[in-house]
Amino acid sequence: MSPFPKGYARCSLLAAGIFWLLHPAVGEEAKKAVYSGSLNTIYNYRASGSNSDQDVYGYWYLRGRDLADQYVDIYTSGRLHKDIDGTGSSYAEDPYLDLSDSSQQNDVRLYQCYLDWHDPKKNASLRLGRQYVDVADYIQIDGVQGLLFENKKLGGRVFFGNPASYYSSTSGDLFGGVSVVGRPWEGNQTRGTYARYHDDSVAGDDDHYFLDVRQQFLETLRTRAYVSVMNEDVQMAGGDVFYTALSDKAFDAVLGVQHWGQFDAVTRAYSPLAETLGDLEPYTTAYGRFTQQILSWLYVAPGATFRQTDKDTNATNQDYKRYDLNFIMEANESLTTTLGCEYWDVGDGDRFWSLSGDVRYRYHKLWEVSAGAAYMDYNYSQLSDYSVFTDDTAAPPVITPLDGTRQDQSPNAYTYFLRGKWNITQNLALRLAGEIEDDSDAEDLAYQIRTSLEVRL
């Protein structure tokens, strides 16, 4: 029996049929319209000891530009998924359960499907259907966006619709707003956005304000500053500096700082984990990275990230320092070797470090193969030996957890992998990947095999 479920096969054949039917063959429309798309079918197998899991995924997208005498664009994308083993929707039933697969009734997910009507110069556009609002937290809606002169000196857009969700009903929710973008001087782009999310389940609203300023000073230097306000509280603010050297030896760098404040949010879009993890505690993150070409065949890329909480740390709000260093060696156009190390220093004595490397060989644009290994060593502490007290006279019984003892855990793990890609034709690519993990905390080795076949227009 084929491991690919019938429903998946029907969806795959339907998507492939749409690609071929919409692909123009003759006529003037074929000369004006531009089509692109892909259908990527993935089979994923994982096993450790007596546990195993098999999944089939399919990812598609289809884009058509300048249809109907250059007045219409179309776009659709989505994911197909089927758990072949038919395990349950909890971690106890399926130790490989992923958050994106936890709502198993959604075997087919439509990410985007819209029609974009615009004038030939694309100064004005009306987009109808399922889409992401990229200027407002990429909220996914079934609705409409109207854009006017967004690429000119002054422009903007309005958006409104019903938010989409794969985990809960949002039938009564609404999301909408307005955004204005301007280019007041050379090299500058400034955008201000207001959005409101109405959550019908709590009969509440979240008002969100965004300001994003980008400035290109030189061909090599650009900056960005941004701030967002949630219900009159600063949700997040930050800035970045990007530099790219135009010289014989490549060099690029990025520096940034970001602060998350304490704010109150009531809707499912902005506080989905509040009941489980508690309110977000304020913290600041600073980061930096650069890549420097040392020799014609050698690049070095160090980076660092620091997170500092504004208040006392707790289980879900930790300070940390993260450092990494990568070396990229290109012996020639075909052979590339990378070597990297990473270290995390987390609050309360927890830490993590790893060393990894791989070698990749490419034969023109026909095929490539890579092999590598990684070693990880980490230390963390956990509370254990909990005691409970049950008062049977209470209604319902009261169970009180008492203080546990703190135990240090220090496992290590080795990972080995082999990957390959074969461009069978210009429109067909096959990928294969295998991985073995040996974790000292686990009794058995873990295995993963992943294959994908991609068809492109």
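A residue is taken here as buried when its relative accessible area is under 20%, as exposed when that area is over 50%, and as partly exposed in between. In the predicted model described here, Q70 has a relative accessible area of 31% and is therefore partly exposed. This residue belongs to helix α3, which spans residues 67–70, and its phi is near 70°, a positive value in a residue other than glycine. Such a value merits mention because most residues other than glycine have a negative phi. A positive phi, of about 55°, is likewise found at F149, which is not a glycine. F149 is placed in the loop between β6 (139–148) and β7 (154–163), and its relative accessibility of 37% makes F149 partly exposed.

The pairing of strands was examined next, beginning with β10, β11 and β12. Strand β10 (residues 204–216) runs antiparallel to strand β11 (residues 221–230), the two being paired over 9 bridges, and F210 has S228 of β11 as its bridge partner. The connection between β10 and β11 is a hairpin with 4 residues between the strands. Strand β11 also pairs in the antiparallel sense with strand β12 (residues 233–245), over 10 bridges, and here A225 has G239 of β12 as its bridge partner. The hairpin formed by β11 and β12 has 2 residues between the strands, and N231 in this turn has a positive phi of about 50°.

A further set of pairings involves β15, β16 and β17. Strand β15 is paired with strand β16 (residues 320–330) in the antiparallel sense over 10 bridges, with D324 of β16 as the bridge partner of G303. Strand β16 is in turn paired with strand β17 (residues 335–346), again in the antiparallel sense, over 11 bridges; Y320 stands opposite V346 of β17, and a hairpin of 4 residues joins β16 to β17. Within β15, which covers residues 298–309, lies T305. With a relative accessibility of 15%, T305 falls under the 20% limit and so counts as buried. When neighbours within four places in sequence are left aside, the contacts of T305 are T285, A286, Y287, Y320, K321 and R322.

On the surface, a nonpolar patch is formed by Y361, Y363, L366, W367, V369, L418, W422, I424 and L453, which together have about 800 Å² of accessible area. Strands β18 (351–363), β19 (367–384) and β23 (412–425) each supply at least two residues of this patch, and the greatest contribution, 3 residues, is made by β23. I424, one of the patch residues, is located in β23 and is partly exposed at a relative accessibility of 32%.

Charged side chains were considered next. The search of the whole structure yields 22 salt bridges, among them that between K82 and D107, with an N to O distance of 3.3 Å. This pair links distant parts of the chain, 25 residues apart, with K82 in strand β3 (residues 72–83) and D107 in the loop between β3 and β4 (108–118). Both partners are partly exposed, K82 at a relative accessibility of 32% and D107 at 24%.

A second salt bridge joins the side chains of R268 and D173, at 2.8 Å from N to O. Because R268 lies in the loop between β13 (251–260) and α4 (274–277), and D173 in the loop between β7 and β8 (174–182), this pair ties together parts that are 95 residues apart in sequence. The partners fall into separate accessibility classes: R268 is partly exposed, with a relative accessible area of 24%, whereas D173 is buried at 1%.

In a third salt bridge, R351 and D377 have their closest N and O atoms 2.6 Å apart. R351 is in strand β18 and D377 in strand β19, so that this pair ties together parts 26 residues apart in sequence. Here R351, with a relative accessible area of 23%, is partly exposed, while D377, at 11%, is buried. In addition, D134, E150, R157 and R191 are joined into one network by salt bridges that share partners.

Finally, the structure holds 0 disulfides. Among its cysteines, C113 has a relative accessible area of 38% and is partly exposed, and C341, at a relative accessibility of 33%, is likewise partly exposed.

Key
Residues numbered from 1 in each chain as written. Predicted model: local features only at pLDDT ≥ 70, side-chain atom pairs only at ≥ 80, totals over all residues. Heavy atoms only, no water. Buried < 20%, exposed > 50% of the residue type's maximum accessible area, 1.4 Å probe, protein only. Contact = heavy atoms within 4.5 Å. Patch = residues over 30% accessible without salt bridge, like charges linked within 9 Å, V, L, I, M, F, W, Y side chains within 5 Å. Areas by Shrake-Rupley, 256 points an atom, 1.4 Å probe, with all protein chains shown as cover. Salt bridge = Lys/Arg side-chain N within 4 Å of Asp/Glu carboxyl O. Pairing = 2+ DSSP bridges. Disulfide = S-S within 2.5 Å.
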